Amino acid sequence: MDYRFEASRKEVSTFTNQEIRDNFLIEKIFHADQIQLTYTIYDRMIIGGAMPVLNTLHLPNPEKLRANFFLERRELGIINVGGKGTVTADGESFTIDKLGAVYVGRGVKEVSFSSESSDNPAQFYLLSSPAHANYPNAKLDREQVSTVVLGSLETSNHRTIYKYIHNEGIQSCQLVMGLTILEPGSVWNTMPAHVHDRRMEAYLYFDVTPGHAVLHLMGETTETKHIWVHNHQAIISPPWSIHSGAGTKNYSFIWGMAGENKDYTDMDFAEISELR
Ligand SMILES: O=C[C@H](O)[C@@H](O)CC(=O)C(=O)O
Ligand SMILES: [Zn+2]
């Protein structure tokens with residue numbers, strides 16, 4: 001498991017592009033027949049990917065957790081961005097298509113991942129935060145998710161927010177998770193930008209058309225930095241950082257958060273005129 005410590009706001013303002021990438025970008029989430037995990041000290045979120053092709057993959061118990069099993073003190077949110085696949089949690093199986101989600105609660109001992117077809121393998125994006133309570137395992141298909149439409153084509157930010165794990169959706173201890181799909185011609189996500197000091201956030205960019213990319217923006221509102229992000233790359237966003245981006249074409253991304261509260265609307269917006 002990759003381990004990422006904090007970087008202070010002051011430090012980040014002096015970082016080179018490579019230092020920004022080393023600290024906040026996860027270059028490759030999906031490795032065939034492997035589970036990739038990155039532990040970030042920000043709210044102790046674990047960001048990962050499971051891509052079963054020929055084999056069934058088992059959620060490991062990394063030494064760093066000093067736990068008896070991965071979910072002893074954690075919960076896990078999963079969204080599939082690949083082909084049909086199955087998540088099994090202590091013998092209970094949940095089969096999901098692309099953009100289906102599974103929540104696995106604290107206390108589940110065995111979690112495994114498999115694909116229906118090795119020609120079109122599932123790609124399970126994983127987010128795990130510490131949990132102090134057990135919530136039931138749950139599954140949600142894309143069609144069942146509550147959506148909010150935001151922005152407009154005139155401001156190049158017409159997009160649909162799908163909320164999966166949140167106060168009115170799948171119940172969790174800390175984890176909030178969903179995804180955003182931009183309409184053709186719209187390229188800006190999360191503009192106007194915001195911060196939420198009470199929660200960190202992680203992004204996974206997906207359905208980025210080959211040959212296109214997203215210019216992800218981070219940093220304090222008056223000290224922004226950029227990272228060019230390609231398909232299936234993830235971003236760690238500290239609680240003090242904006243997390244916004246503009247693509248060379250429309251794209252989609254999974255967002256997830258954990259921290260002090262679970263209120264999706266708890267955001268402090270920055271005026272566009274304030275950005276530096
Ligand atoms: O705190 C919430 C997250 O930043 C995202 O849900 C924002 C987002 O998807 C968007 O505006 O496009
Ligand atoms: Zn946010």
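In this predicted model, the chain of 276 residues has a radius of gyration of 18 Å, which agrees with the value near 19 Å that a compact globule of this length would have. Along the principal axes, the C-alpha atoms fill a box of roughly 55 × 40 × 35 Å. Of the 276 residues, 45% are buried. Among contacts with a separation of 6 or more, 73% are made by residues 24 or more positions apart. The secondary structure consists of two helices and 24 strands.

Strands of a sheet pair through backbone hydrogen bonds, and the pairing is either parallel or antiparallel. One open sheet contains seven strands in the order S1-S3-S4-S11-S6-S9-S12, and its pairing is mixed. Its edges are formed by strand S1 (2–4) and strand S12 (138–140), each of which pairs on one side only. On average, neighbouring strands of this sheet are turned by 15 degrees against each other, direction ignored. Within the sheet, strand S4 (residues 46–51) and strand S11 (residues 124–130) are antiparallel and share five bridges. In this pair, Ile47 stands opposite Leu127 of S11.

Asp43 lies in the loop between strand S3 (34–40) and S4. Most residues other than glycine have a negative phi, and most peptide bonds are trans. Asp43 is not a glycine, yet its phi is positive, at about 55 degrees. Asp43 counts as partly exposed because it has 19 C-beta neighbours inside 10 Å, and 20 or more are needed for a residue to be buried.

A second open sheet has four strands in the order S5-S10-S7-S8, with antiparallel pairing. Here the edge strands are strand S5 (57–58) and strand S8 (92–96), each pairing on one side only. S5 is joined by two bridges to strand S10 (residues 111–115), and the two run antiparallel. The bridge partner of His58 in S10 is Ser112.

Further along the chain, strand S14 (residues 159–165) contains Lys163. Lys163 is buried, since 21 other C-beta atoms lie within 10 Å. Apart from neighbours within four places in sequence, the contacts of Lys163 are Val145, Ser146, Gly169, Gly178 and Tyr264. Glu72 is 91 residues away from Lys163 along the chain, and the C-alpha atoms of the two are separated by 26 Å.

S14 runs antiparallel to S15, and six bridges join the two strands. Tyr162 stands opposite Leu179 of S15 in this pairing. Strand S15 (residues 176–182) is largely enclosed by the rest of the structure, because six of its seven residues are buried. S15 also pairs in the antiparallel sense with strand S23 (residues 252–259), over six bridges. Val176 stands opposite Met257 of S23, and the bridge partner of Gly178 in S23 is Trp255.

In a regular strand the side chains alternate between the two faces of the sheet. In S23, eight of eight residues are buried, and the strand is mostly covered. Ser252, Ile254, Gly256 and Ala258 lie on one side, and Phe253, Trp255, Met257 and Gly259 lie on the other; with these residues all buried, both faces of S23 are covered. S23 is also joined to strand S18 (residues 199–206) by eight bridges, in an antiparallel arrangement. Arg199 has Gly259 as its bridge partner in S23.

The loop between strand S16 (188–189) and strand S17 (194–195) contains Pro192, and Thr190 lies in the loop between S16 and S17 as well. Met191 and Pro192 are joined by a cis peptide bond, with omega about 0 degrees. Thr190 has a phi near 50 degrees, which is positive although the residue is not glycine. Thr190 counts as buried because it has 23 C-beta neighbours inside 10 Å.

Thr190 is also one of the residues around ligand 1. The others in this shell are Arg159, Ile161, Thr180, Asn189, Glu201, His243, Trp255 and Met267. By residue type, the shell divides into three nonpolar, four polar and two charged residues.

Note on methods:
Residues are numbered from 1 along each chain as its sequence is written. Chains are lettered from A and ligands numbered from 1 in the order in which they are written. This is a predicted model: local features need pLDDT of at least 70, side-chain atom pairs count only at pLDDT 80 or more; totals for chains, interfaces and linings use all residues. A residue is buried if 20 or more other C-beta atoms lie within 10 Å of its own, exposed if 12 or fewer, and partly exposed in between; C-beta atoms are placed from the backbone. Two residues are in contact if their C-beta atoms, placed from the backbone, lie within 7 Å. The radius of gyration is taken over C-alpha atoms; the globule rule is 2.2 Å times the number of residues to the power 0.38. A residue is near a molecule or strand if its C-beta atom, placed from the backbone, lies within 6 Å of it. Ala, Val, Leu, Ile, Met, Phe, Trp, Tyr, Cys and Pro count as nonpolar, Asp, Glu, Lys and Arg as charged, and the others, Gly among them, as polar. Two strands pair if DSSP finds at least two bridges between them. Axes are lines fitted to C-alpha atoms, for helices over the stretch in contact, and angles run from 0 to 180 degrees between N-to-C directions.
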